[in-house]
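Open the model in your viewer and keep the selection tool at hand. The stops below say what to select next and what is there.

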Amino acid sequence: MVFMLSEETGDARICGSLASLAGLEAAQESGDPAMISSAVNKILLLHSLILSFGGIPLLYNGDALGVVNDYSYRDDASKSNDNRWIHRPKINWERAELRNKQGTVEHRLFNALKKMIAIRKETSAFADFNDRELLDVNNEHLFCFIRFNYQRPSERVLVVANFDASPQYLDLEVISGRGINLHSQFIDLYSGRSPAQYDRRIVLQPYQFYWLTEI
């Protein structure tokens with residue numbers, strides 16, 4: 001939903017829940033499992049950046065459950081002129097209980113966020129001391145940066161996010177001068193597994209992210 005539109009410049013803000021903006025609302029309406037899975041991956045990709053980039057992470061009410069836009073504000077005269085209410089829903093507590101049921105979107109998102117937050121708490125490189133370096137990796141589909149600990153320079157995390165609907169690769173040779181050893185083996189802090197790596201290239205699936213540290 002467009003908010004605060006300037007008729008003169010066309011500048012505007014956008015209202016909507018993260019889940020709807022990432023396509024979950026449309027995917028659930030379609031009933032297409034592949035679309036739903038893709039939307040969930042987009043949501044997790046965005047949260048992976050929110051929690052790893054620095055500063056104070058912001059979670060809106062309902063984000064951890066994949067709550068989509070609430071259009072009921074239009075029927076309330078006290079709210080209908082302010083579309084920011086679209087992402088200010090009352091919590092549906094019955095739906096919130098689905099976070100405990102395996103196989104549901106709510107369960108997958110809630111537990112993924114819990115895991116990300118726990119890893120963030122344990123990772124000194126994610127402490128916010130303006131300790132990030134954005135990297136140009138010669139691939140417009142990838143957003144990549146390094147987080148590090150000034151007091152322990154060897155403790156750094158390479159964050160890579162694939163914003164494309166197709167697999168992409170990160171060429172390690174492009175960033176080898178940034179303290180990355182071409183011969184290093186990496187482990188993904190989130191999954192606990194080593195990334196798919198072929199001839200100094202790390203492969204990312206559609207909307208996949210990595211929090212990589214050297215072994």
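**Stop 1: a phenylalanine and its neighbours**

Select Phe-53, which counts as partly exposed because its relative accessibility is 29%. Keep in mind throughout that this is a predicted model.

Now add Phe-143, also partly exposed, with a relative accessibility of 29%. Phe-53 and Phe-143 form a stacked aromatic pair, with 6.3 Å from centre to centre and 25 degrees between the planes. Phe-53 is in the loop between H3 and helix H4 (93–96), while Phe-143 belongs to strand S4 (residues 142–149), so the pair ties together parts that are 90 residues apart in sequence.

Add Arg-132 to the selection. Arg-132 lies over the face of Phe-53, 4.5 Å from the ring centre.

**Stop 2: other rings**

How many aromatic pairs does the structure hold? There are six aromatic pairs. Select Phe-126, Tyr-190, Phe-209 and Trp-211 together: ring pairs link these residues into a cluster.

Then select Lys-79 and Trp-85. The charged end of Lys-79 sits over the ring of Trp-85, at 4.3 Å from its centre.

**Stop 3: the largest pocket**

Two members of that ring cluster, Tyr-190 and Phe-209, lead to the next stop. The largest pocket has a volume of about 350 Å³. Its lining has 17 residues, and the closest to the pocket centre are Tyr-190, Ser-191, Arg-193, Gln-208 and Phe-209.

Show the elements around the pocket next. Helix H3 (33–52), helix H5 (105–122) and strand S10 (209–214) each supply at least two residues of the lining. Which of them gives the most? H5 does, with three residues. Sorted by class, the lining of the largest pocket has eight nonpolar, five polar and four charged residues.

**Stop 4: the second largest pocket**

Select Gly-16, Ser-17, Leu-18, Tyr-60 and Asp-63. Of the 16 residues that line the second largest pocket, these are the closest to its centre. The space in this pocket is about 190 Å³. Its lining divides into ten nonpolar residues, five polar residues and one charged residue.

**Stop 5: a sheet of three strands**

Turn on the cartoon view and find the open sheet with the strand order S6-S9-S8, where the pairing is antiparallel. Strand S6 (168–171) and strand S8 (197–198) are the edge strands, each pairing on one side only. S6 pairs with strand S9 (residues 201–204) over four bridges, in the antiparallel sense. To see one contact between strands, select Tyr-169, whose bridge partner in S9 is Val-203.

Stay with the sheet and select Asp-199, in the loop between S8 and S9. Is Asp-199 buried or exposed? Asp-199 counts as exposed, because its relative accessibility is 72%. Its phi is near 50 degrees, a positive value in a residue other than glycine. Most residues other than glycine have a negative phi.

**Stop 6: two more loops**

Go to Met-4, in the loop between strand S1 (2–3) and strand S2 (13–14). Met-4 also has a positive phi, about 55 degrees, although it is not a glycine. With a relative accessibility of 55%, Met-4 counts as exposed.

Finish at Phe-129, in the loop between H5 and strand S3 (132–134). Phe-129 counts as exposed, because its relative accessibility is 58%. Draw a distance from the C-alpha atom of Phe-129 to that of Leu-113: the two residues are 16 residues apart along the chain, and these atoms are separated by 23 Å.

Methods
Residues numbered from 1 in each chain as written. Predicted model: local features only at pLDDT ≥ 70, side-chain atom pairs only at ≥ 80, totals over all residues. Heavy atoms only, no water. 1 Å grid on protein atoms, 1.4 Å probe; cavity = no way out; pocket = protein on both sides within 12 Å on 5 of 7 lines; lining within 4 Å. Points joined across faces, edges and corners; volume = space filled by probe spheres on them. Nonpolar A, V, L, I, M, F, W, Y, C, P; charged D, E, K, R; others polar. Pairing = 2+ DSSP bridges. Phe/Tyr/Trp six-rings, centres within 6.5 Å; stacked < 30°, edge-to-face > 60°. Buried < 20%, exposed > 50% of the residue type's maximum accessible area, 1.4 Å probe, protein only. Lys NZ or Arg CZ within 6 Å of the ring centre and 35° of its normal.
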